[in-house]
Amino acid sequence: MIKVLHLSDIHLGSTTHGKINPKTGLNTRFEDFLAALTRCIDRAVQAPADLVLFGGDAFPDATPPPYVQQAFARQFRRLADVQIPAVLLVGNHDQHTQGQGGASLAIYRSLAVPGFTVGDRLETHLIVTAAGKIQVITLPWLNRSALLTRQETEGMSIAAVDRLLLDRLAVILESEIRQLNPNLPTILLAHAMVDKAAYGAERFLAAGKGFTVPLSLLHRTELDYVALGHVHRHQVLAKNPLVVYPGSIERVDFGEEKEEKGYCWLEISKKQAKFETKFEFCALPTRSFLTIRLDVTKEADPQAVILKAIAQGEINNAIVRLIYRLQAAQLSQINEAELHEALETAHTHTIAPDVVSQASRARLPNLQITEVLDPIAALTAYLDTRADLANLKAEMLGATRALLGISSDSIEQTETNENSKIVESKPTTKLTEPIALEYGSADEKALPNPAAVTSQGMTQTVEIIELEPGGDRQAHLKLVVPSADVSDPEKSKPTSKQAPKQLQPQKAKKKRKRSAKPPNHQAQQLTMFN
């Protein structure tokens, strides 16, 4: 019987959600990951194991700090000291950005550490253990980088390159399997994203750099166990043979909050002509993550509700995040200093208030995108949606008409559409002669607002004749409106006969008057039709 310890995704050197330990000067999360790795090696040495399989991702990246590399080496050196062989597979975090080799693990091959095998290519290794020989096929993290640099993939889509890569992988893997010794147990050690797995953050960390491998490609009867790495959640994808992700040995982020962490212990023995594999998942005591999520938008005392939830949570030595949803008006009721004090027993904590944004404005019912409303109709439609302003509706409409220079006698109210409740106003005022409007002049109050004119269906007959700066911080904008019955849109359209001479821009003579005073550069240009 051959006893195997299968672990993966150590990520030694991760410091997220940690703090500095004043006694050691090290990040506490680094110490957490190191403690988990130490427990795995302890089991391998004490049991003892005949073989240790590491499924990849030793560090967060391929160039870890020296002290992190030393900590990793010290633990695996313990295996070499008691002559337990180990296979170290290269994962995506162990590779250079270009995917060429395993920078963080290849040193063990260079140093020729006794019993250590580095799996940075697809090949079969014959491992001699204290309990007998075993075959291990290593399948490191594969990406499309190498193929993309070749001329044969020029112009191919990423999906086509992935299919080509899988086709070649299938051929090479089939070749390795056909060369296996059927009288020896065989394990496939692969760092891959298998299509039947439940993914977590590792899918996004490897986005654009890898591809998904079909389970059917790895689940072969010629194998006795498929040891996987890369996915942080422990899961068994298939049986006969077992296809297993042990998961990471520590929680990396809150996406793994409810996941149990540990390693796998295998016992492979021969029964008659076949090999039988017994499997056990061994949980590790790791630091817990806790999310306290609350909605206090309807609470009269949100602070008390939040403090009560903190008191009920198991926050001691845990990594905690507090997320509470509240309204903007409740912000003054929150004492964040008191919340931090209540969370002091947590290892580390974060507080993330989620302020509810104000509700979006209601759309006017049945208002078409091409429909145009004059100011009175638009205001009426808006007020119809505001029950709280019902008592002020008449007064607001009257004030608006006064501002626009429209008398109440000149407005005929039509029937309201039953669905939209939008009141249309029809102007009946007749202009008997062209008028010139000066916006911003001294007698501004005596003249109708130009916006009111344009709102009465006369936009096609309004033309800016001249904009001339001058005087004390004033700008005079002259508008000429031809005589027409604006209640009839057809009559309001200018023709060559009806339009005054000054309305034809190709014939109009615009003269720039020089003011007696130098232009006031502080005067602001007025903008019409806001």
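1. Accessible areas in this note come from the Shrake-Rupley method with a 1.4 Å probe. On that basis the chain exposes about 29500 Å², and carbon and sulfur atoms supply 50% of this area. The model is a predicted one. Buried residues make up 44% of the 530 residues in the chain.

2. The secondary structure comprises 13 helices and 24 strands. Of the contacts with a separation of 6 or more, 66% are between residues 24 or more positions apart. The points below take up two sheets, a hairpin, one helix and the nonpolar cores.

3. One open sheet is formed by six strands in the order 5-6-7-10-12-11, with mixed pairing. Its edges are strand 5 (123-129) and strand 11 (235-238), each of which pairs on one side only. On average, neighbouring strands in this sheet are turned by 25° against each other, direction ignored. Helix 5 (residues 158-178) packs on the sheet and touches strand 5, strand 6 (132-139) and strand 7. The direction of helix 5 makes about 170° with that of strand 6.

4. Within the same six-stranded sheet, strand 7 (residues 186-191) and strand 10 (residues 225-229) pair in the parallel sense over five bridges. Ile187 stands opposite Tyr225 in strand 10.

5. Ile137 offers a useful point of entry to this region. The residue lies in strand 6. Is Ile137 buried or exposed? The cut-off for burial is under 20% relative accessible area; Ile137 has 0% relative accessibility and therefore counts as buried. Leaving aside residues up to four places away in sequence, Ile137 touches a set of residues including Leu122, Glu123, Leu173, Ile177, Thr186, Ile187 and Leu223. One of these contacts, Thr186, is 49 residues from Ile137 in sequence, while the C-alpha atoms of the two are 7.6 Å apart in space.

6. A second open sheet has three strands in the order 15-16-17, and its pairing is parallel. Strand 15 and strand 17 (348-356) are the edge strands, each pairing on one side only. From one strand to the next, the twist averages 10°. Nine bridges hold the parallel pairing of strand 16 and strand 17, and the bridge partner of Leu322 in strand 17 is Ile351.

7. Helix 8 lies across strand 15 and strand 16, running at about 155° to strand 15. Which residues of helix 8 (residues 302-312) are buried? They are Pro302, Gln303, Ile306, Ala309 and Ile310. Seen down the axis of helix 8, these buried residues fall within an arc of 130°, so they line one face of the helix. In an α-helix there are 3.6 residues a turn, so residues three or four places apart point the same way. The buried residues of helix 8 pack against strand 15 (289-295), strand 16 (319-327) and helix 9 (336-342). On the other side of helix 8, Lys308, Ala311 and Gln312 are exposed.

8. Strand 13 has pairing partners in strand 1 and strand 14. Five bridges join strand 1 to strand 13 in the antiparallel sense, and Val4 stands opposite Leu266 in strand 13. Strand 13 also runs antiparallel to strand 14 (residues 274-283), to which ten bridges join it; here Ser269 stands opposite Glu276. Strand 13 and strand 14 form a hairpin with two residues between them. In the turn, Gln272 has a positive phi of about 60°. Strand 13 is mostly covered, with seven of its ten residues buried.

9. The largest nonpolar core has 36 residues. The residues with the most contacts inside this core are Leu7, Ile10, Leu12, Leu37, Phe72 and Leu105. Among the elements that give two or more residues to the core are strand 1 (2-7), helix 1 (28-46), helix 2 (66-81) and strand 13 (262-271). Which element supplies the largest share of this core? Helix 1 does, with seven residues.

10. Leu105 touches residues that include Phe54, Ala58, Phe72, Leu88, Val90, Asp94 and Val118, not counting those up to four places away in sequence. Apart from the largest core lies another, of 30 residues. Leu169, Ala238, Val243 and Tyr245 are among the residues of that other core.

Methods. Residues numbered from 1 in each chain as written. Predicted model: local features only at pLDDT ≥ 70, side-chain atom pairs only at ≥ 80, totals over all residues. Heavy atoms only, no water. Helix = DSSP H or I, 4+ residues; strand = E, 2+ residues; numbered from the N terminus. Buried < 20%, exposed > 50% of the residue type's maximum accessible area, 1.4 Å probe, protein only. Contact = heavy atoms within 4.5 Å. Pairing = 2+ DSSP bridges. Axes fitted to C-alpha atoms, helices over the stretch in contact; angles between N-to-C directions. Arc of directions from axis to C-beta. Core = buried A, V, L, I, M, F, W, Y, C linked by side-chain atoms within 4.5 Å.
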